[in-house]
Amino acid sequence: MKAVLRTWTRSLPGLLLALLVIALTAFAPQATAATGVSTIADALRKSPVYVDPAAAAQLSTAEADTLARQIKDANKPLFIAVLPAGYPTQDLFTNLRTATGITGLYAVRLGDRFDARADSSVLPRTAVQNLVTSVQGESAATQLTDFTDRALTNLGGKAPSSWGGGSADGSGVSSTALITIGAVIVAGGAGAYALVRRNRRRHQEEQRAALDRLRVVVDEDITAFGEELDRLDFHPAEQGADDAMRADYERALNAYEQAKQYMADARGPEDVRAVTQALEDGRFSLALLAARREGRPLPERRPPCFFDPRHGPSATDATWTPAGGSPREVPVCAADATRLADGRDPAIREVDTDHGRRPYWDAGPAYGPWAGGYFGGGILPGLLIGTALGGWMSAPAYAADYGTGYGDFNTGGYQGGDMSGADFDPGDFGDFGGGGDFGGGGGGGDSGDFGGGF
């Protein structure tokens with residue numbers, strides 16, 4: 001280059017030409033690596049919408065700001081990234097969730113393709129799948145707007161504190177917050193305080209009423225378990241009793257006493273979960289004891305009968321279809337398995353409601369914790385899809401009153417917007433199809449083709 005300059009600079013035209021060459025070299029497009037996941041995650045910790053410079057044509061700055069403002073005003077943990085078509089998809093969701101470290105719903109527009117994942121504590125996996133399917137084939141701005149509108153309706157949790165609670169214009173205060181502050185000032189401090197107290201009192205009364213109705217059912221469960229203990233007619237000193245039998249019996253007795261104490265201490269529907277979990281532990285101990293006394297192989301640990309946990313541990317799984325729902329496999333006792341095989345109705349646990357006796361899964365959201373104690377460990381969501389209780393448990397209102405919906409039974413307890421770091425269920429963000437199929441932007445796949453490459 002120096003030799004060229006020496007030759008060209010002997011005349012003014014040569015000098016100008018040299019400068020032009022240097023300028024074109026400096027500003028020519030360079031081959032750059034894809035934006036790192038850490039960079040994207042850092043941006044999402046500051047604002048809910050990130051648009052990669054290489055994908056700027058997909059979503060304008062004004063459109064991105066509008067989406068960010070909408071998400072912040074809703075105070076929900078929704079993260080949106082717009083990336084170029086060639087961005088690497090292998091483990092993208094898992095790595096992005098790990099790098100961001102915030103519990104929430106993550107949506108990515110990659111070229112003309114779109115997919116999303118979420119922690120199950122803020123939105124069930126099936127709900128995420130349905131939302132993604134509903135917006136396939138749309139332009140970037142329309143797709144992301146529609147997805148945001150629909151997701152915010154059902155998304156649980158709150159916006160992360162790192163967003164500052166402000167709107168996308170960087171003022172630090174959202175329009176919703178300004179309206180709220182203004183309303184409080186107008187109403188006056190005393191009036192606002194009275195309103196808060198009145199709302200809190202009404203909420204507490206509703207919780208007590210729900211617990212009182214639930215108490216009847218739980219007391220029936222405790223009584224039924226006590227009757228099982230009586231029918232067992234086991235004496236630790238009886239002939240043939242060994243240490244293993246005595247230990248089973250002692251665990252069953254302890255579970256019975258714990259269930260009664262937990263119920264006596266319960267202050268809200270969410271406290272009932274410990275009661276039914278204790279009863280389930282006790283029933284399994286009785287099943288072990290019965291097998292030892294009869295010389296049978298010890299039973300495996302299975303969830304209780306779905307139709308009525310008082311039936312005891314399930315013996316098998318059977319196909320069942322709720323009214324208006326889709327078929328699913330549920331754990332059933334031997335008697336209910338026979339009824340279903342014969343084309344008869346199972347013996348369903350019904351409870352009192354304002355509309356008469358109904359199955360527990362149609363009785364109200366307070367039965368979520370009750371069922372969660374019996375069917376913990378992640379099994380509950382699949383059992384309740386398509387039922388009223390399943391719908392209640394996936395809604396933010398349920399999360400606010402009774403826990404975090406489905407996620408309560410298979411996560412570490414982090415709420416939407418919480419900083420959990422790498423402590424999350426990778427199954428919620430796992431790749432479908434081994435990283436080779438990202439998910440069709442045109443929606444050409446069937447309903448089971450959810451994602452694939454993220």
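This report covers a sheet, the helices around it and a separate helix pair in a predicted model.

**The sheet**

The sheet is open and has 4 strands. Their order is 1-2-3-4, and the pairing is mixed. Strand 1 (49-51) and strand 4 (113-118) stand at the edges. Each has a single partner strand, so one side of each is left without a neighbour in the sheet. From one strand to the next, the twist averages 10 degrees.

Strand 1 runs parallel to strand 2 (residues 78-83), and 3 bridges join them. Within strand 2, Ile-80 stands opposite Val-49. Helix 6 (residues 125-134) packs on the sheet, where it touches strand 3 (105-110) and strand 4. The direction of helix 6 makes about 165 degrees with that of strand 4.

**Helix 5 and its cover**

Helix 5 spans residues 92-100. Its buried residues are Leu-92, Phe-93, Thr-94, Leu-96, Arg-97 and Thr-100. The cover over them includes helix 3 (37-46), strand 2, strand 3 and strand 4. After helix 5 comes Gly-101, with a positive phi near 75 degrees.

Helix 3 packs against helix 5 at an angle of about 55 degrees, and their axes are 9 Å apart. The two helices are therefore oblique to each other. Their crossing is right-handed. From helix 3, the contact takes Val-37, Ile-40, Ala-41, Leu-44 and Arg-45. From helix 5, Leu-92, Asn-95, Leu-96, Ala-99 and Thr-100 take part. By class, this contact has 7 nonpolar, 2 polar and 1 charged residues. Leu-92, Leu-96 and Thr-100 are on the contact list, and these residues of helix 5 are also buried. The spacing fits a general rule. An α-helix has 3.6 residues a turn, so residues three or four places apart point the same way.

**Helix 11 and helix 13**

Helix 11 (residues 272-294) and helix 13 (residues 367-374) form another packed pair, at an angle of about 30 degrees. Their axes are 7 Å apart. That angle makes helix 11 roughly parallel to helix 13, because angles under 35 degrees count as such. The crossing of this pair is right-handed. Helix 11 brings Val-272, Arg-273, Thr-276, Gln-277, Leu-279, Glu-280 and Arg-283 to the contact. Helix 13 brings Pro-369, Trp-370, Gly-372, Gly-373 and Tyr-374. Here the classes are 5 nonpolar, 4 polar and 3 charged.

Asp-281 also lies in helix 11. Its relative accessibility is 35%, so Asp-281 counts as partly exposed. The C-alpha atoms of Asp-281 and Tyr-374 are separated by 8.9 Å. Along the chain, these two residues are 93 residues apart.

**Positive phi outside glycine**

Two loop residues have a positive phi without being glycine. Both are set out below.

| Residue | Phi | Loop | Relative accessibility |
|---|---|---|---|
| Asn-75 | about 60 degrees | between helix 4 (61-74) and strand 2 | 40%, partly exposed |
| Asp-91 | near 60 degrees | between strand 2 and helix 5 | 32%, partly exposed |

Strand 2 borders the loop of Asn-75 and the loop of Asp-91.

Terms used: Residues are numbered from 1 along each chain as its sequence is written. This is a predicted model: local features need pLDDT of at least 70, side-chain atom pairs count only at pLDDT 80 or more; totals for chains, interfaces and linings use all residues. Side-chain values use heavy atoms; hydrogens and water are left out. Axes are lines fitted to C-alpha atoms, for helices over the stretch in contact, and angles run from 0 to 180 degrees between N-to-C directions. Angles under 35 degrees count as roughly parallel, over 145 as roughly antiparallel, 65 to 115 as roughly perpendicular and the rest as oblique. A crossing is left-handed if the near helix is turned anticlockwise from the far one by less than a right angle, and right-handed if clockwise. Contact means heavy atoms within 4.5 Å. Ala, Val, Leu, Ile, Met, Phe, Trp, Tyr, Cys and Pro count as nonpolar, Asp, Glu, Lys and Arg as charged, and the others, Gly among them, as polar. Buried means under 20% relative accessible area, exposed over 50%, partly exposed in between (1.4 Å probe, protein chains only). Two strands pair if DSSP finds at least two bridges between them.
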